Amino acid sequence: MENLRRTVAVIDDDVSLRRSLGRLLNAYGFLVKEYASAEAFLARDPKTAIDCLVLDIDLGGMSGIDLQRRLKAEGTTLPVIFITALEPGAVKAEAEKAGCVAYLQKQFPGAALIAAVNKALGS
């Protein structure tokens, strides 16, 4: 039987947080692909199906907002949930302008992430 679970890409340069989010999402039935950077996500096998992005804003190279803008410019319509440890304000406004389903300030509750992913996927 075909696997009907949805795939969420978690893009964060903090390996511990990335793995924690991956375990949380797996526990709620999602398949997870983890990427340490925007560049690693862009270099993935294009056959890898992704249904939603959980995307850190402050990555070591290309920022999460820049990745979202690039994906939009290429015609990709993946729903994005931005996560960040940066102070809200201008960054939040910029993230919302780039287009996101949710903006979560680290240390957010796990339930907030699951609710945002379900909203992004129309579940």
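**View 1. Buried and exposed residues of helix H5 in the predicted model**. In this predicted model, the residues of H5 that count as buried are Leu113, Ile114, Ala116, Val117 and Ala120. Around the helix axis they cover an arc of only 160 degrees, which puts them on the same side of H5. Ala111 and Lys119, by contrast, lie on the other side of H5 and are exposed. The partners against which the buried residues of H5 pack are strands S1, S3, S4 and S5, together with helix H1, which spans residues 15-27. Following H5 comes Gly122, a residue whose phi is positive, near 70 degrees.

**View 2. The packing of helix H1 with helix H5**. The two helices pack at an angle of about 65 degrees, and their axes are 11 Å apart; the crossing that H1 and H5 form is right-handed. From H1, the contact is made by Leu21, Leu24 and Leu25, which are joined by Gly110, Leu113, Ile114 and Val117 from H5. Divided by residue type, the contact of H1 with H5 holds six nonpolar residues, one polar residue and no charged residue. Leu113, Ile114 and Val117, which take part in this contact, are also among the buried residues of H5.

**View 3. The buried face of helix H3**. Gly64, Ile65, Leu67, Gln68 and Leu71 are the buried residues shown in H3. When the helix is seen down its axis, these residues fall within an arc of 160 degrees, so they line one face of H3. They pack against elements from several parts of the chain, namely strand S1 (7-11), helix H2 (38-42), strand S3 (52-56), strand S4 (80-84) and helix H4. Just after H3, Gly75 takes a positive phi, with a value of about 90 degrees.

**View 4. The packing of helix H3 with helix H4**. Helix H3, covering residues 64-73, and helix H4, covering residues 90-98, pack at an angle of about 15 degrees, with their axes 9 Å apart. Because of that angle, H3 is roughly parallel to H4. The crossing of this pair, H3 and H4, is left-handed. On the H3 side the contact involves Ile65, Gln68, Arg69 and Lys72, which meet Val91, Glu94, Ala95, Lys97 and Ala98 in H4. The residues of this contact of H3 with H4 divide into four nonpolar, one polar and four charged. Ile65 and Gln68, which meet H4 here, are also found among the buried residues of H3.

**View 5. The surroundings of Tyr35 in strand S2**. Tyr35 has its place in S2, the strand formed by residues 31-35. Its relative accessibility is 10%, and Tyr35 therefore counts as buried. Leaving aside residues up to four places away in sequence, Tyr35 touches Ala9, Val10, Ile11, Asp12, Arg18, Ala40, Phe41, Arg44, Thr48 and Ile50. Although Tyr35 and Val15 are 20 residues apart along the chain, their C-alpha atoms are separated by 9.1 Å.

**View 6. The cis peptide bond between Lys106 and Gln107**. The peptide bond that joins Lys106 and Gln107 is cis, with an omega of about 0 degrees. Gln107 is found in the loop that runs between strand S5, residues 102-105, and helix H5, residues 110-120. Both of these flanking elements also appear in View 1, where S5 is one of the elements against which the buried residues of H5 pack.

Key. Residues are numbered from 1 along each chain as its sequence is written. This is a predicted model: local features need pLDDT of at least 70, side-chain atom pairs count only at pLDDT 80 or more; totals for chains, interfaces and linings use all residues. Side-chain values use heavy atoms; hydrogens and water are left out. Axes are lines fitted to C-alpha atoms, for helices over the stretch in contact, and angles run from 0 to 180 degrees between N-to-C directions. Helices (H or I, at least four residues) and strands (E, at least two) are DSSP runs, numbered from the N terminus. Angles under 35 degrees count as roughly parallel, over 145 as roughly antiparallel, 65 to 115 as roughly perpendicular and the rest as oblique. A crossing is left-handed if the near helix is turned anticlockwise from the far one by less than a right angle, and right-handed if clockwise. Contact means heavy atoms within 4.5 Å. Ala, Val, Leu, Ile, Met, Phe, Trp, Tyr, Cys and Pro count as nonpolar, Asp, Glu, Lys and Arg as charged, and the others, Gly among them, as polar. Buried means under 20% relative accessible area, exposed over 50%, partly exposed in between (1.4 Å probe, protein chains only). The arc is that of the directions from the helix axis to the C-beta atoms.
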